[in-house]
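Please work through the following exercises with the sequence and the model open beside you. Each task is followed by a solution that proceeds step by step.

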Amino acid sequence: LRHPAGSPRAGLDVYDARALRVQGRRMILSEFATPGVYLFDAGADGLFNTADDRGRMLAGFAGGDLDVGLAGDWAAFLDDGPPAGRQVWLVRGLDGEPTPVTGHYSAKWAPTLEPGGRVFWTDYVFVPEAVFVRAP
């Protein structure tokens, strides 16, 4: 698999992937060696790794499977954000603006999406940890 046009690594092989989710024509993945979280669209032919694919970088960290989510036209990922620590981010479509969903200090894991954009995640702001949800 190669990075498609629009990715800052366009034309280069996807290397050392630590996170991967695919749904329909969308793929979210994270590379470790060159840290980054990327969102790919398979284009009109619906096949990945062809000339009509497009991509973009969402964040500059090396995430694992528990750091990304994908459903419908939505992607979620964990990345650093204000005020402290990793935050849940949500983006709609390939060209949408990533938006922080959380803004509090706590450990967060496993952003999971419904196709309509509702995002769920495990949050350690309370003991024991709890599942949180936010609708777009």
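A residue is called buried when its relative accessible area is under 20%, exposed when it is over 50%, and partly exposed in between, with a 1.4 Å probe and protein chains only. The model is predicted, so that local features need pLDDT of at least 70 and side-chain atom pairs count only at pLDDT 80 or more, whereas totals for chains, interfaces and linings use all residues. Residues are numbered from 1 along each chain as its sequence is written, and side-chain values use heavy atoms, with hydrogens and water left out.

**Exercise 1. Describe the secondary structure and the overall dimensions of the protein chain.**

Step 1. Begin with the elements, which are DSSP runs numbered from the N terminus (helices: H or I, at least four residues; strands: E, at least two). The protein chain has 11 strands and zero helices.

Step 2. Turn to the dimensions: along the principal axes, the C-alpha atoms fill a box of roughly 50 × 30 × 20 Å. The radius of gyration, taken over C-alpha atoms, is compared with a globule rule of 2.2 Å times the number of residues to the power 0.38. For 136 residues a compact globule would have a value near 14 Å, and the 15 Å of the protein chain agrees with this.

Step 3. Consider burial, where 43% of the 136 residues count as buried.

**Exercise 2. Locate the largest nonpolar core and examine the surroundings of F77.**

Step 1. A nonpolar core is a set of buried Ala, Val, Leu, Ile, Met, Phe, Trp, Tyr and Cys residues joined through side-chain atoms within 4.5 Å. The largest one has 14 residues, and those with the most contacts inside it are I28, V37, L39, L58, V68, A75 and F77.

Step 2. Assign this core to elements: β3 (36-41), β4 (54-59), β5 (68-71), β6 (74-80) and β7 (86-92) each give two or more residues to it.

Step 3. Apart from this core lies another of 10 residues, including W74, A76, V88 and V119.

Step 4. List the contacts of F77, a contact being heavy atoms within 4.5 Å. If residues up to four places away in sequence are not counted, the residues that F77 touches include V37, L58, V68, W89 and P111.

**Exercise 3. Which parts of the chain does the salt bridge between R21 and D65 tie together, and where do R54 and R92 find their partners?**

Step 1. A salt bridge is a side-chain nitrogen of Lys or Arg within 4 Å of a carboxyl oxygen of Asp or Glu. The structure holds 11 of them.

Step 2. In the pair of R21 and D65, the closest N and O atoms are 3.6 Å apart. R21 lies in strand β1 (residues 17-23) and D65 in the loop between β4 and β5, so the pair ties together parts that are 44 residues apart in sequence. R21 is partly exposed at 30% relative accessible area, and D65 is partly exposed at 38%.

Step 3. D95 pairs with R54, with 3.5 Å between the closest N and O atoms. Since D95 lies in the loop between β7 and β8 (99-100) and R54 in strand β4, this salt bridge ties together parts 41 residues apart in sequence. D95 is exposed, with a relative accessible area of 62%.

Step 4. R92 forms a salt bridge with D73, the closest N and O atoms being 3.9 Å apart. R92 is in strand β7 and D73 in the loop between β5 and β6, 19 residues apart. R92 is exposed at 52% relative accessible area, while D73 is partly exposed at 32%. Both belong to a network of salt bridges that links R25, R26, D41, D73 and R92.

How values were computed. Contact means heavy atoms within 4.5 Å.
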